[in-house]
Amino acid sequence: MLDYFKEYFDFKAFFLTIGLVVVGLVSVYSATYDAGAGSIFERQLMWAGIGFFGMIVAAVLPLKTIQRLSVPAYVVSLAILFAVLVIGKTVSGSKSWLGVGGLGGQPSELAKVATILALAAFLAKTTTMISDPKHLFFAIAIALIPTALVVVQPDIGTSMVFVAMLLPVLYWAGVDNFVLAAILSPVIVAVGALFGTFFFIISVLICAVLLYMSRQNRFIAAMAFAVTLAVGVSVQFVYERMPAYQQKRIMTFLNPEADPLGSGYNVLQAKVAIGSGGLFGKGYLQGTQTQLNFIPEQWTDFIFCVPGEEFGFFGASLVLLLFGALLLHGIKVASVSKNRFAGIAAIGITAVFGTHVLINIGMSMGLMPVVGIPLPFLSYGGSALLMNMVMSGLLMNFWANRKAY
Amino acid sequence: MSSIIHHHDETGTPARQRVLTLIVIGIVGLLFVRLYQLQMLYNIELGKKSTENTLRAIVRDPIRGYIFDRHGALVVDVGPSYSVTVTPAEFDKNSLALLSSLLSLEGRAIEDRIEKGRAYSKFSPTRIKRDIDFTALSALEENLYLLPGVGYQIDSKRYYPTKASATHLLGYCKEITDAQLVKLGDYYKLGDLIGSSGLEASYETMLRGQKGFEFLAVNARGKVIGSFEEGRNDISPKEGFDLILSLDAGLQAFAESLMTNYRGAIVAIDPSNGGILALVSKPDFDPAVFSGVTPPDVWARLNTDTSKPLFNRASMTRYPPGSTYKMVLAAAALEEGIIDENYRFTCHGAYRFGNRTFKDLSVHGSTNVIEAIQRSCNVFFYQLIHKVGLEKWAEYGKRFGFGQTTGVDIGEEIIGLVPNGEYYDRVYGKGRWTQGYLVSLAVGQGELGVSPLQMAVYAAALANGGTLHQPHAVQSIRNKLTNRIDQFQHRARPVGLSVETMALVREGMRRVVSEPRGTGSAARIPDVMVSGKTGTAENPHGDDHAWFVGFAPFEAPTIAVAVMLENAGSGGSRAAPIAGLVMEKYIHGEIKRYKPKPRLPRLVPDSTRVVTQSLQ
């Protein structure tokens with residue numbers, strides 16, 4: 001029995017997930033118990049219970065069933081995303097909420113999992129040749145269709161996660177380095193162009209090196225470079241012709257501290273909260289920034305400030321370590337999986353977690369633009385918690401089935 | 001295209017695993033570095049910001065120091081007064097009219113105060129009106145439910161429990177002006193009271209104490225949610241220090257009563273140390289006017305009053321001292337060896353210099369220096385100043401403290417003027433003035449200008465045998481925190497006269513009051529030998545100013561006094577009796593002679609009474 005557990009039970013994924021969920025509950029309680037938002041903690045606790053159930057189900061379902069369900073799940077989630085646009089509820093300016101009876105949820109959370117699985121299922125098919133451009137474009141389309149539906153909600157943050165997840169998945173599935181460089185280069189240059197001429201030139205140089213080093217053919221490389229340059233120049237061209245208020249909106253998105261009373265306010269207060277925590281923090285429920293609600297709706301996107309302020313460098317480092325271990329474990333699961341579907345899906349899940357961690361914690365510490373995406377397992381949000389725990393369950397499933405083809 | 005792209009559909013090569021692992025380590029490492037930077041390197045700076053975010057300091061005013069007289073009588077007391085406050089963030093503009101009528105304040109004035117308060121903090125109560133009376137307070141209380149953001153707080157105000165007003169000595173507090181706020185900086189805030197004249201001003205930093213702070217926790221909307229850390233960081237206000245004066249409140253009140261209907265000043269000094277026993281300047285005003293809030297019309301009236309009740313005549317006037325200054329010339333002549341006790345000069349009732357004749361009041365005949373002082377013989381001194389010379393005369397004036405500050409601790413004084421050759425050269429041009437100018441100086445007339453305070457210091461120096469003490473009202477200061485009492489360390493310097501010179505001058509002064517044919521017999525006191533000197537200063541603009549300087553008892557003086565009455569006539573008949581009564585009151589503690597009956601002075605138009613009456 002014990003040997004069976006040792007062989008098939010993914011202790012790491014399980015306990016890292018439970019650890020993060022507990023830290024999340026502790027943090028949500030601190031952020032809400034005195035903020036006139038008392039029921040938030042109870043709801044999060046309830047969703048953690050549902051999530052635990054979801055995690056176990058995802059872990060024990062036969063791998064083949066999951067693989068077979070992935071395409072129908074993907075189609076259903078697209079249909080729901082579409083339905084949300086038509087009949088969805090507007091929450092915080094985005095149509096991303098669907099209520100069914102007493103329960104409501106964000107379909108984009110389901111779509112994330114479904115897209116990963118569908119992408120993995122397609123790439124794992126023996127008939128799929130990723131080196132075939134048709135197949136490559138089909139794979140990209142699988143990710144971009146839900147991305148587009150999420151963008152128009154509009155939920156820019158979540159759509160960025162879809163794109164960010166695509167690249168590691170393609171990489172893992174064996175896409176050539178040059179193809180990845182050719183996809184990445186225009187994005188890098190476009191962002192560089194927004195930061196001004198200096199950063200534009202730097203980003204162009206970086207992309208030139210990337211394309212040159214991964215090239216197979218000079219002509220194709222030159223063409224990719226030309227496309228990259230054209231994208232960069234046109235971004236600058238469009239930006240300079242934008243009305244000033246739109247330019248300002250983009251600038252404060254990229255550099256929120258330029259607008260300390262607007263979106264920069266949260267970042268500033270978040271930095272103050274984390275920075276004032278020091279080595280050991282101010283003590284649980286003693287963080288003045290947290291307890292006095294300096295950060296609006298801190299329990300959602302700025303939840304990292306709670307361990308940062310109340311438990312200090314030790315507490316916040318522990319959170320980082322838990323995430324780091326989970327991410328590395330995800331890569332480990334992918335590499336030991338004999339099943340191509342499981343391996344690619346594990347990378348997709350790891351990429352989603354990683355993107356959320358980088359953007360969310362980076363944002364709380366003033367490293368990243370303020371993109372409204374939650375911190376997995378910690379931020380308040382029922383459907384996100386459920387789907388994150390389901391993804392952990394999938395990792396456990398893949399671990400248990402790592403030797404099956 | 002398919003020919004160009006390499007075919008290797010191998011999933012998850014070890015190389016790619018390594019790359020992804022490195023990316024994960026890179027991301028977590030980046031976040032780690034940033035976390036370290038914020039929490040370990042910027043911790044102090046960001047911690048300060050977080051404290052500022054959540055803290056609001058509410059000022060708690062200290063109790064201003066009390067002022068006692070030399071016998072321990074409470075002269076300046078502190079009592080409660082109610083101030084109406086408004087918290088700008090909570091105030092509803094619609095209730096402005098009601099508040100305005102309840103406080104009888106213009107709506108504009110209230111709005112102005114609220115705006116100024118908002119600039120400091122919109123969540124802290126700001127004073128709108130100080131010292132409202134009980135009727136107004138009850139009316140306000142009944143209507144408070146209609147006035148969001150309006151409240152009241154207890155402040156302190158000054159009370160004056162003795163009969164003495166001592167206005168110009170004690171001074172007063174006023175609400176700080178914008179100009180003072182700019183100049184004095186950090187400690188003061190809008191609406192604070194600050195000592196504005198007299199001892200209240202010069203001992204401001206001692207009397208005011210130190211403000212305390214109560215720290216309140218606020219949330220992101222600035223709303224107070226309770227005390228910060230159970231008040232562990234609160235700083236309680238520190239009480240102001242008490243002043244113990246050399247003033248004798250009973251003497252002060254008595255001296256003030258003697259000056260009713262006079263314009264002028266009395267300064268009485270303890271000759272042994274320069275301590276001020278009484279300092280009267282009339283007309284004056286009721287200091288209670290300033291204790292809470294000064295109505296602008298009262299302030300305007302005090303300022304525009306032609307009798308200048310705010311003006312401290314004891315230290316801020318510059319009048320010629322007349323014959324009271326003759327001891328300076330006598331001392332100069334004796335000390336320089338120009339004359340001695342045997343020197344005599346025959347007075348024929350007039351003195352001719354150049355083509356001008358200077359008359360004396362009578363024919364004094366053969367006169368020595370003692371008799372010249374006793375009978376105030378002008379001719380004797382007219383001729384004497386030419387023997388002494390302008391520079392020597394001026395030098396002895398300076399030795400007695402004229403033409404310079406006395407260093408008095410009540411803050412304001414003027415130095416007056418003792419003219420010398422350099423002065424005349426500057427004013428009239430070199431060689432454009434003659435020795436004739438000296439004649440009037442000989443009898444304390446002309447450009448010579450002194451204050452009653454300087455005259456009292458001079459009288460004290462003559463009383464104590466030649467020591468010039470820095471006059472001071474404060475004898476000691478009680479530190480309320482340590483209960484230590486620090487004595488006022490005053491300066492003193494010798495005038496520099498020989499015992500013989502001093503004895504001759506003092507004998508002259510004794511005879512002025514205590515011998516027949518002296519000009520100051522009206523200053524006599526039962527059982528006590530008094531000495532002094534009268535002066536009648538001619539005034540080109542009106543009636544003469546009456547002067548008297550003196551001290552008593554002659555053998556061991558305990559009080560020196562200077563009396564100056566504007567436009568009151570002769571010093572012997574007007575100033576001497578007042579000085580006598582002041583000295584008698586101080587020495588005997590009461591007036592021993594039958595009921596004091598100084599000759600009734602003419603009624604000087606006196607707006608003081610008008611002002612005080614209108615306030616009552």
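Which residues of strand 10 of chain B point one way, and which the other way? Select residues 242–245 of chain B: B:D242 and B:I244 point one way from this strand, B:L243 and B:L245 point the other way, and all are buried. A residue is called buried if 20 or more other C-beta atoms, placed from the backbone, lie within 10 Å of its own, exposed if 12 or fewer do, and partly exposed in between. Helices (H or I, at least four residues) and strands (E, at least two) are DSSP runs, numbered from the N terminus.

Before going on, keep in mind that this is a predicted model, in which local features need pLDDT of at least 70 and side-chain atom pairs count only at pLDDT 80 or more, while totals for chains, interfaces and linings use all residues. Residues are numbered from 1 along each chain as its sequence is written, and chains are lettered from A and ligands numbered from 1 in the order in which they are written.

**Around strand 10**

Keep strand 10 of chain B selected and add residues 67–68, which are strand 2 of chain B; the two pair in the parallel sense over 2 bridges, where pairing requires that DSSP finds at least two bridges between the strands. Here B:I67 stands opposite B:L243. Next add strand 18 of chain B (residues 474–478), which pairs with strand 10 in the antiparallel sense over 4 bridges, and look for B:I477, the bridge partner of B:L243 in strand 18. Strands of a sheet pair through backbone hydrogen bonds, either parallel or antiparallel.

**An open sheet in chain B**

Now show strands 12, 11, 23, 22 and 21 of chain B, which in that order form an open sheet of 5 strands with antiparallel pairing. Strand 12 (276–282) and strand 21 (531–537) stand at the edges with a single partner strand each, so one side of each is left without a neighbour in the sheet. The twist averages 5° from one strand to the next; axes are lines fitted to C-alpha atoms, for helices over the stretch in contact, and angles run from 0 to 180 degrees between N-to-C directions.

Within this sheet, select strand 11 (residues 264–269) and strand 23 (residues 559–565) of chain B, which run antiparallel and are joined by 6 bridges; B:A268 stands opposite B:V561 in strand 23. Add helix 10 of chain B (residues 249–258), which packs on the sheet, touching strand 11 and strand 12, its direction making about 25° with that of strand 12. Touching means contact, that is, C-beta atoms placed from the backbone lying within 7 Å. Helix 19 of chain B also packs on the sheet, where it touches strand 11, strand 22 (545–552) and strand 23, and its direction makes about 150° with that of strand 23.

Stay with helix 19 of chain B, residues 452–464: its end C-alpha atoms are 18 Å apart, which agrees with the 18 Å that its 13 residues should span at 1.5 Å a residue, the expected span being 1.5 Å times one less than the number of residues. As 13 of its 13 residues are buried, helix 19 is largely enclosed by the rest of the structure. Just after helix 19, B:G465 takes a positive phi of about 90°.

**Loops with unusual backbone angles**

Select B:P283, in the loop between strand 12 and helix 11 (296–304) of chain B; a cis peptide bond joins B:K282 to B:P283, with omega about 0°. Then move to B:N261, in the loop between helix 10 and strand 11 of chain B, whose phi is near 75°, a positive value in a residue other than glycine. With 16 C-beta neighbours inside 10 Å, B:N261 counts as partly exposed.

**Where the two chains meet**

Display both chains: 50 residues of chain A are in contact with 37 residues of chain B. On the side of chain A that touches chain B, the largest share, 12 residues, comes from helix 15 of chain A.

**How far to trust the view**

Colour chain B by pLDDT, the predictor's confidence in each residue, from 0 to 100; the average is 87, and 92% of the residues score at least 70. Over residues 1–8 of chain B the pLDDT is below 50, and over residues 605–616 of chain B it is also below 50. Where pLDDT is low, the predicted coordinates should not be read in detail.

Terms used. Two residues are in contact if their C-beta atoms, placed from the backbone, lie within 7 Å.
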